[in-house]
Amino acid sequence: LARHLQKEAQSQHNNSEFTEDQKKTIAKIATCLELRSAALQSTQSQEEFKLEDLKKLEPILKNILTYNKEFPFDVQPVPLRKILAPGEEEHLEFEEDDEEGGAGAGSPDSFPARVPGTLLPRLPSEPGMTLLTINIEKIGLKDAGQCIDPYITVSVKDLNGIDLTPVQDTPVALRKEDTYVYFNVDIEIQKHIERLTKGAAIFFEFKHYKPKKRFTSTKCFAFMEMDEIKPGAIVIELYKKPTDFKRKKLQLLTKKPLYLHLHQTLHKE
């Protein structure tokens, strides 16, 4: 909902039913929804944005066309960067070159969208159960130096492309050098390995900002299946977007040997 509201708040003046003031209010509601989402996913007991707070927004949203009072929370609208609703980005980008084309299937988000750079902590350990930490070291791309604010979205999906854990975004990359974008960031998988369903896979979507189109786009993706979970370094191949969470129509990004470089650590009680 936050994404859809934000999209409406950022729509151009002539093809929107809302005034600029109404759009600002809608954008602030989107911010509050993201704050509530972050509070729900936080492991801290103290919720920063409570359900009672969220309920105060309902009458504002219902009466958005007539609402003219002061907004009840001191929040800023989400920054003016387009966040696309699930599956939307596939329809926007077919004018790009063949290197980035391709077909696939999107997935509805079962967990709330996260703002880039919000990683989750490791789960508590349980006897006999295994937790996985994945260090994303670097990704090889022919135009690595041209990517603006690159980050990676990590998700765990079942065979139908449904999320099994909350989605996490890495912070923006540390540096770009030659044909590599360096991250060196740890991702804590939010489920014990033994509890992941058969056929599950861990997806890594490489995203970057496109100034001309003013939105963040997926450039390519990679994934790791359950039989590839083992301690140590691993390199996995990159595929053309849009991300095919069902793994039905996979096309390699390029014939060149470009990979995502990872390092896995298993923690067992």
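This report walks through some of the charged and aromatic side-chain contacts in the structure above, which is a predicted model.

## Salt bridges

Let's start with the charges. Side chains of opposite charge can pair when their charged atoms come close. In this model, the count of salt bridges comes to nine, and three of them are picked out here.

One of them joins E20 and K23, with 3.3 Å between N and O. Both residues belong to helix α2, which covers residues 20–41, and because they are three residues apart there, about one helical turn separates them. Their surroundings are worth a look too: E20 is partly exposed, at 42% relative accessibility, while K23 is buried, at just 3%.

## Two more charged pairs

Next up is K157, which makes a salt bridge with D163. The closest N and O atoms of this pair lie 2.7 Å apart. Is the pair buried or exposed? Both K157 and D163 turn out to be buried.

Then there's R175, whose side chain meets that of E177 in a salt bridge, again with an N to O distance of 2.7 Å. Here R175 has a relative accessibility of 41%, so it counts as partly exposed. E177 is partly exposed as well, with a relative accessible area of 39%.

## Rings that pair up

Now for the aromatic side chains. The model has eight aromatic pairs. In one of them, the ring centres of F183 and F206 are 6.4 Å apart and the ring planes stand at 85 degrees, so this pair is edge-to-face. What parts of the chain does the pair link? F183 sits in strand β5 (residues 180–188) and F206 in strand β6 (residues 201–210), so the contact ties together distant parts of the chain, 23 residues apart. F183 and F206 are both buried.

Elsewhere, ring pairs build up a cluster. Its members are F203, F221, F223, Y239 and F245.

## Where charges meet rings

Some of the residues above have a second contact to show. K157, the salt-bridge partner of D163, also has its charged end over the ring of F245, 4.1 Å from the ring centre. F245 in turn is part of the ring cluster with F203, F221, F223 and Y239.

R175 has a second contact too. Besides its salt bridge with E177, the charged end of R175 sits over the ring of Y182, at 4.0 Å from the centre of that ring.

Conventions
Residues numbered from 1 in each chain as written. Predicted model: local features only at pLDDT ≥ 70, side-chain atom pairs only at ≥ 80, totals over all residues. Heavy atoms only, no water. Salt bridge = Lys/Arg side-chain N within 4 Å of Asp/Glu carboxyl O. Helix = DSSP H or I, 4+ residues; strand = E, 2+ residues; numbered from the N terminus. Buried < 20%, exposed > 50% of the residue type's maximum accessible area, 1.4 Å probe, protein only. Phe/Tyr/Trp six-rings, centres within 6.5 Å; stacked < 30°, edge-to-face > 60°. Lys NZ or Arg CZ within 6 Å of the ring centre and 35° of its normal.
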